[in-house]
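Let's take a walk through this structure together, starting from a single side chain and working outward. Keep the viewer open as you read.

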Amino acid sequence: MTSIKTFEDYKQVYRYSVEQPEAFWSEVATQFVWKKKWDQVLEWNFHKPEVKWFIGGSLNITENCIDRHLPHRASQTALLWEANDPNEPSRRITYQELHDEVCKVANMLKMHGVKKGDRVCIYMPMVPEAAYAILGCARIGAVHSVVFAGFSAGSLSDRINDSNCKAVLTCDGSFRGDKKIDLKGIVDEALKKTPSVEKVIVLERTRGPVTMTEGRDFWWHTEMTKVNAICDAEPMDSEDLLFILYTSGSTGKPKGMVHTCGGYMVHIGYTFQTIFQYREKELYWCTADVGWVTGHSYIVYGPLMNGATSLMFEGIPSWPDMGRFWQVIEKHKVNIFYTAPTAIRSLQNAPLSFVERHDLSSLRLLGSVGEPINEEAWHWYHANIGKDRCDIVDTWWQTETGGFMISPIANVTPMKPAFASFPVPGVQPAVMDEHGHEIEGNGIEGRLTIKFPWPSMARTIYGDHGRFRDTYFSTFSGKYFTGDGCKRDPDGYYRITGRVDDIIIVSGHNLGTAEIESAIDEHHDVVESAVVGFPHDIKGQGVYAFVICYKKPENEDKLRGEIRDTVSKIIGAIAKPDKIQFVSGLPKTRSGKIMRRILRKVAEGDTTNLGDTTTLLDPGVVDEIKNGAL
Ligand code: WTA
């Protein structure tokens with residue numbers, strides 16, 4: 001009893017999944033190909049914390065993504081690739097071709113000394129080869145660590161060093177709208193500080209000039225001619241590492257979330273099918289980047305495990321014009337379209353004619369992910385893209401959770417605009433008050449925790465289990481703390497209200513305020529800074545920086561430009577502050593802690609009620625900050 005077709009089914013399956021979680025998940029798990037069945041479903045302790053699923057089981061996720069489909073869908077398209085430039089032909093990769101390419105990549109990695117357990121960094125744009133790279137690692141049991149190809153050289157080398165990657169897979173460059181990005185140049189810069197990297201394999205994409213380091217750098221296309229397309233899938237223990245994926249934390253250092261093979265496979269495969277109610281032959285398009293968890297779980301692994309056709313798009317929504325998404329939907333007759341609120345809001349601002357000139361009648365379902373979707377964007381999306389016919393699945397989840405946690409089920413859950421609605425079967429949320437007590441009943445608001453393990457949860461932070469415990473399992477004893485706030489309305493629907501910690505979500509990208517502050521502080525004129533989020537029409541949240549300089553800046557705008565460049569260079573363009581206010585001091589308590597609550601209020605433009613400021617070391621600084629607000 002795991003399949004859901006009606007809302008009554010959902011209620012029944014959900015109840016079963018909570019009353020008998022092990023029976024429920026083992027029923028789900030039997031729908032996958034295992035090399036050896038598990039001996040025990042679950043072992044857990046949220047205090048340590050330790051979680052193991054499908055103990056003793058052995059599998060390889062790529063057999064579930066590829067091999068199992070070959071007898072009946074070898075010639076079906078697995079990946080449909082649409083280039084950045086609408087004039088470049090699209091590419092269709094069948095399941096058979098995917099098999100061959102993945103095995104070749106796997107053999108190429110082996111040829112270059114990569115073995116089971118080694119970490120491989122993938123720094124690639126949205127090309128099919130990025131999916132081959134991910135699956136090629138999984139095929140031989142190498143641990144992939146994909147780094148979003150918009151990160152700077154510094155961010156890349158930090159991530160490579162944190163997990164001691166042995167090899168890097170990258171491209172000469174990438175296309176983004178009318179821009180060309182010199183990825184190999186960024187890799188070369190990053191690799192000046194990464195002693196662990198022995199080999200770099202470079203895919204040709206933009207054909208720009210690159211420097212190849214003899215003995216270290218190799219061309220993808222030459223290496224691939226040296227290997228064949230036969231590579232047995234490495235047997236992996238359920239709890240062997242599948243991948244590491246970095247996400248921002250409250251301190252400056254990014255957290256390498258560790259995902260393991262068995263539980264991840266089961267949760268992602270099941271939730272893709274259940275939430276989207278994917279039907280045979282449908283074309284599914286998730287617009288995320290492979291560099292984020294959404295790309296891992298719901299462009300690559302989830303769709304492929306279900307024998308779906310997954311569209312991969314290299315470009316951006318606004319180029320050559322603001323109708324690009326809608327044109328791609330029309331061109332390929334997309335049935336399921338899954339995107340982010342920030343994209344919806346930016347396209348909503350363009351004239352409606354960009355939508356109206358395209359035939360969107362192929363769409364059956366819409367999805368949203370990455371941040372809370374505001375009601376206005378929800379209604380615009382529903383009316384203008386879904387033509388009031390398509391459900392919207394507003395999927396709440398995290399890099400840490402691996403897969404969907406709270407979401408409507410397509411054509412099953414009665415929708416409420418801007419509500420992520422109900423927990424996925426097997427997921428047990430608990431809403432907590434500030435004293436650490438669970439709030440029962442409906443019509444309530446608090447902090448969102450999960451009180452029972454689910455298969456695709458991250459097992460640790462790579463190399464720092466203490467930080468894993470402190471970040472997620474110590475705020476509320478015995479529970480996983482998500483860092484999000486939520487409401488549960490009188491009908492029991494969940495609505496996620498956003499982060500309650502020092503993470504801000506800018507255009508769907510998680511950024512730690514501490515990480516941005518330390519980048520700003522690198523500028524030689526800066527003494528100290530404090531960063532908070534503020535509501536931004538398109539990005540959801542923008543970055544507001546309060547900056548103290550050694551001396552009063554002579555040219556504030558010039559300095560702002562330099563600070564933005566510094567942040568862009570150290571982290572990446574996504575983290576550039578939108579607003580920079582120069583101040584002579586920050587509101588600090590007597591113990592030296594910055595009262596961010598006050599800065600948040602100022603950034604939000606609400607300076608009338610700043611709450612109690614009497615505990616501040618120097619209450620006078622608040623007036624100055626208020627008066628100088630941007
Ligand atoms: C936010 C992305 C509201 C949330 C999959 C979460 C959402 C963080 C939603 C994780 C949603 C994601 N509604 N908020 N549907 N989806 N979030 O790790 O704050 O990049 O904690 O994973 O994004 O972001 P991450």
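Is His 267 buried or exposed? With a relative accessibility of 0%, His 267 counts as buried, because anything under 20% falls in that class. Bear in mind that what you're looking at is a predicted model, so these are computed values.

To find His 267, go to helix H10, which covers residues 261-276. From there, the His 267 side chain reaches over to the backbone oxygen of Phe 404, at 3.0 Å. If you skip the neighbours within four places in sequence, the contacts of His 267 include Trp 25, Trp 454, Pro 455 and Ser 456. Also in contact with His 267 are Gly 403, Phe 404, Met 405 and Val 427.

Now zoom out to the whole protein. You'll count 20 helices and 30 strands. The radius of gyration is 24 Å and the globule rule gives 25 Å for 630 residues, so the protein is as compact as a globular protein of that length. Measure along the principal axes and the C-alpha trace spans about 75 × 60 × 55 Å. Buried residues make up 61% of the 630. As for the contacts with a separation of 6 or more, 71% of them are between residues 24 or more positions apart. On the outside, the accessible surface comes to about 23500 Å², and carbon and sulfur atoms account for 49% of that.

Next stop, the ligand. It has 17 residues around it, and the closest are Asp 394, Thr 395, Thr 399, Asp 484 and Arg 499. Sort the shell by character and you get seven nonpolar residues, six polar and four charged. Helix H11 (293-305) and strand S25 (494-499) each supply at least two residues of that shell. Which polar partners do the ligand's nitrogen atoms find? In the side chain of Asp 394, an N or O atom sits 2.7 Å from a ligand nitrogen. The backbone joins in as well: a polar backbone atom of Gly 370 is 3.1 Å from a nitrogen of the ligand, and one of Pro 372 is 3.3 Å from a ligand nitrogen. Taken alone the ligand would expose 520 Å², and the protein buries 96% of that.

Helix H15 (residues 375-385) is worth a look too. Its buried residues are Ala 377, Trp 378, Trp 380, Tyr 381, His 382, Asn 384 and Ile 385. What do they pack against? Among the helices, the buried residues of H15 meet H12 (324-332), H13 (341-348) and H14 (353-356). They also pack against strands S18 (336-339), S19 (365-368) and S20 (391-394). Just after H15 comes Lys 387, with a positive phi of about 50°.

Finish with another histidine, His 523. Look for it in the loop between helix H17 (513-520) and strand S28 (526-536). Despite the loop setting, His 523 counts as buried, at 6% relative accessibility. Beyond the neighbours within four places in sequence, His 523 is in contact with Leu 559, Glu 562, Ile 563 and Thr 566. Cys 549 is 26 residues away from His 523 along the chain, and their C-alpha atoms are separated by 9.5 Å.

Definitions and conventions:
Residues are numbered from 1 along each chain as its sequence is written. This is a predicted model: local features need pLDDT of at least 70, side-chain atom pairs count only at pLDDT 80 or more; totals for chains, interfaces and linings use all residues. Side-chain values use heavy atoms; hydrogens and water are left out. A residue is near a molecule or strand if one of its heavy atoms lies within 4 Å of it. A polar contact is a pair of N or O atoms within 3.5 Å; within protein, one must be able to donate a hydrogen and the other to accept it, and residues adjacent in sequence count only if both atoms are side-chain atoms. Accessible areas come from the Shrake-Rupley method with a 1.4 Å probe; for residues, only the protein chains shown count as cover. Helices (H or I, at least four residues) and strands (E, at least two) are DSSP runs, numbered from the N terminus. Ala, Val, Leu, Ile, Met, Phe, Trp, Tyr, Cys and Pro count as nonpolar, Asp, Glu, Lys and Arg as charged, and the others, Gly among them, as polar. The radius of gyration is taken over C-alpha atoms; the globule rule is 2.2 Å times the number of residues to the power 0.38. Buried means under 20% relative accessible area, exposed over 50%, partly exposed in between (1.4 Å probe, protein chains only). Contact means heavy atoms within 4.5 Å.
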